[in-house]
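This briefing is written for a reader who has the sequence and the coordinates at hand. Please keep both open while going through the points below.

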Amino acid sequence: MKLNKNFDNLKQSYLFVEIAKRVESYKAANPGADVIRLGIGDVTRPLTPTVIDALHKASAEMGTPEGFRGYSPDSAGYTWLREAIASCYEQSGVNVTPDEVQVNDGAKSDLGNFFDVLGSVNVLVPDPVYPAYVDTNIIFGNAISYVSGNEENGFLPMPSDISGTRPDVIYICSPNNPTGAVYDKTRLTEWVNYALDNDALILFDAAYAEFIAEPSLPKSIFEIDGARKCAVEFGTLSKMAGFTGTRCGWTVIPDELEYDGAKLGKMWYRRQSVKFNGVPYIIQRAAEAVMSAQGLREARELIGYYRENAKTITSALDRAGIKYTGGANSPYVWLKCGRPSWDYFDYLLTEKNIVGTPGAGFGSGGEGWFRVTAFGTHENTVKAAERIVS
Ligand code: MLT
């Protein structure tokens, strides 16, 4: 038997696993330390009342002969959920049909699994970037090239920054993880035009879209003319509605999106029906509840809570004169730590008892920078912000 040798090219452990290990070993040695975790972007607020009601109701249904559901009729999700997601797009002026929406267990799976339909490709990823993009492509053995996000371009790399191989696939994450930077319509249009001109496919990660406060900034790539012919969008309830442990997201593949003469939506649907049996009924009902008018109001309150945390952190950094990006339209604050970022990680952990994420963990372009999330509690965020600048 032969193993997938591409695994030899992965770092020994995934970034957030490595951080968790380091934090656990510090805590074991210092059991009394009041360690505040602002590392992995995991939410801390509970699910909202409308979601909990829907979960209770759906669980009760599953306990009755009439309400019990087995396999969902379609791996792409119940029609009522796909309609609810499409209607949310419509409310923000983006035309997406329910048939173009395929429900999943969160954006991360599809962002990686999508390469099942693409085969061997040249992939372009921004540096720094969410490490799952790179690791998944290492596993597939794809050729990866990088486009630099840096202080000069505001961590928003543009097609003119590409050097080297013409990419087949381009990852864009906006608001960006880890830098919190957001593409405006003009810049995103440049990427769409580049993809159209070069026959490339954009994989647009919109996991943090609902954190955008500035109305002129695009939340969906489909706000850009031409994107329906060159982009797939990945959405999730993880961050906008606290579903990190509940798991529900979706992928939008426009009907007209074709590569090599094949419709990508159809291929993805075929792939999913082989490898995925759909999200549990109970969870799909909870997701549908998020999309209701009351559910969306509650989700916005939740986002407001984390926005206040971002403000707490950025205000402290402003006072201390520390440079940063993000925070205003994103749950991530990306600060310039002015030293190797793993050294800063160790310093913050051992001297200030704060866990963040070293920029270098997101790629070499993140060296000298450090990510702090706004997903903590208010109390911990206030304490952490004071400690960081003290
Ligand atoms: C992060 O901290 O970058 C995210 O929480 C990771 C994820 O969403 O998988």
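How much area is buried between domain 1 and domain 2, and what percentage of it do carbon and sulfur atoms give? In this predicted model, the area buried between domain 1 and domain 2 comes to about 2,600 Å², and carbon and sulfur atoms give 57% of it. Within domain 1, the residues that lose the most area to domain 2 are Y14, L296 and N329, which together account for 25% of what that side buries.

**Domain layout**

- The protein is divided into domain 1, made up of residues 13-42 together with 295-389, and domain 2, which covers residues 51-292.
- Taken over C-alpha atoms, the centres of domain 1 and domain 2 are separated by 25 Å.
- Contact between the two domains involves 32 residues of domain 1 and 37 residues of domain 2.

**Polar and charged pairs across the interface**

- Across the interface of domain 1 and domain 2 there are 17 residue pairs in polar contact, with both residues of each pair at pLDDT 80 or more.
- On the side of domain 1 that touches domain 2, at least two residues each are supplied by α1 (15-29), α10 (293-320), β11 (324-326), β12 (332-336) and β15 (369-373).
- Helix α10 provides the largest share of that side of domain 1, namely eight residues.
- Sorted by residue class, the side of domain 1 that touches domain 2 consists of 15 nonpolar, 11 polar and six charged residues.
- Two salt bridges are found across the interface of domain 1 and domain 2.

**Salt bridges**

- Side chains of opposite charge can pair when their charged atoms come close.
- The count of salt bridges in the model comes to 20.
- E151 and K336 form a salt bridge in which the closest N and O atoms are 2.8 Å apart.
- R22 and D346 also form a salt bridge, and here the closest N and O atoms are 3.8 Å apart.
- Because R22 lies in helix α1 and D346 lies in helix α11 (residues 341-352), this pair ties together parts that are 324 residues apart in sequence.

**Ligand surroundings**

- The residues that surround the ligand are F16, I40, G41, Y130, N177, Y208, K239, Y332 and R371.
- At G41 the protein partner is a polar backbone atom, which is 2.6 Å from an oxygen atom of the ligand.
- At K239 the partner is an N or O atom in the side chain, and an oxygen atom of the ligand is 2.8 Å from that atom.
- At R371 the partner is likewise an N or O atom in the side chain, with an oxygen atom of the ligand 2.7 Å away.

**Backbone geometry**

- The peptide bond from S174 to P175 is cis, with omega near -5°, and P175 lies in the loop between β5 (169-173) and α7 (185-198).
- N177 and P178 are also joined by a cis peptide bond, for which omega is about 20°, and P178 lies in the loop between β5 and α7.
- N177 thus appears under two headings, being one of the residues that surround the ligand and a partner in the cis peptide bond with P178.
- R247, a residue other than glycine, has a positive phi value near 65°, and R247 is found in the loop between β7 (231-236) and β8 (249-252).

Methods. Residues are numbered from 1 along each chain as its sequence is written. This is a predicted model: local features need pLDDT of at least 70, side-chain atom pairs count only at pLDDT 80 or more; totals for chains, interfaces and linings use all residues. Side-chain values use heavy atoms; hydrogens and water are left out. Domain bounds come from an automatic or database domain assignment. Contact means heavy atoms within 4.5 Å. Buried area is the accessible area (1.4 Å probe) that two parts lose on being put together, summed over both. A salt bridge is a side-chain nitrogen of Lys or Arg within 4 Å of a carboxyl oxygen of Asp or Glu. A polar contact is a pair of N or O atoms within 3.5 Å; within protein, one must be able to donate a hydrogen and the other to accept it, and residues adjacent in sequence count only if both atoms are side-chain atoms. Helices (H or I, at least four residues) and strands (E, at least two) are DSSP runs, numbered from the N terminus. Ala, Val, Leu, Ile, Met, Phe, Trp, Tyr, Cys and Pro count as nonpolar, Asp, Glu, Lys and Arg as charged, and the others, Gly among them, as polar. A residue is near a molecule or strand if one of its heavy atoms lies within 4 Å of it.
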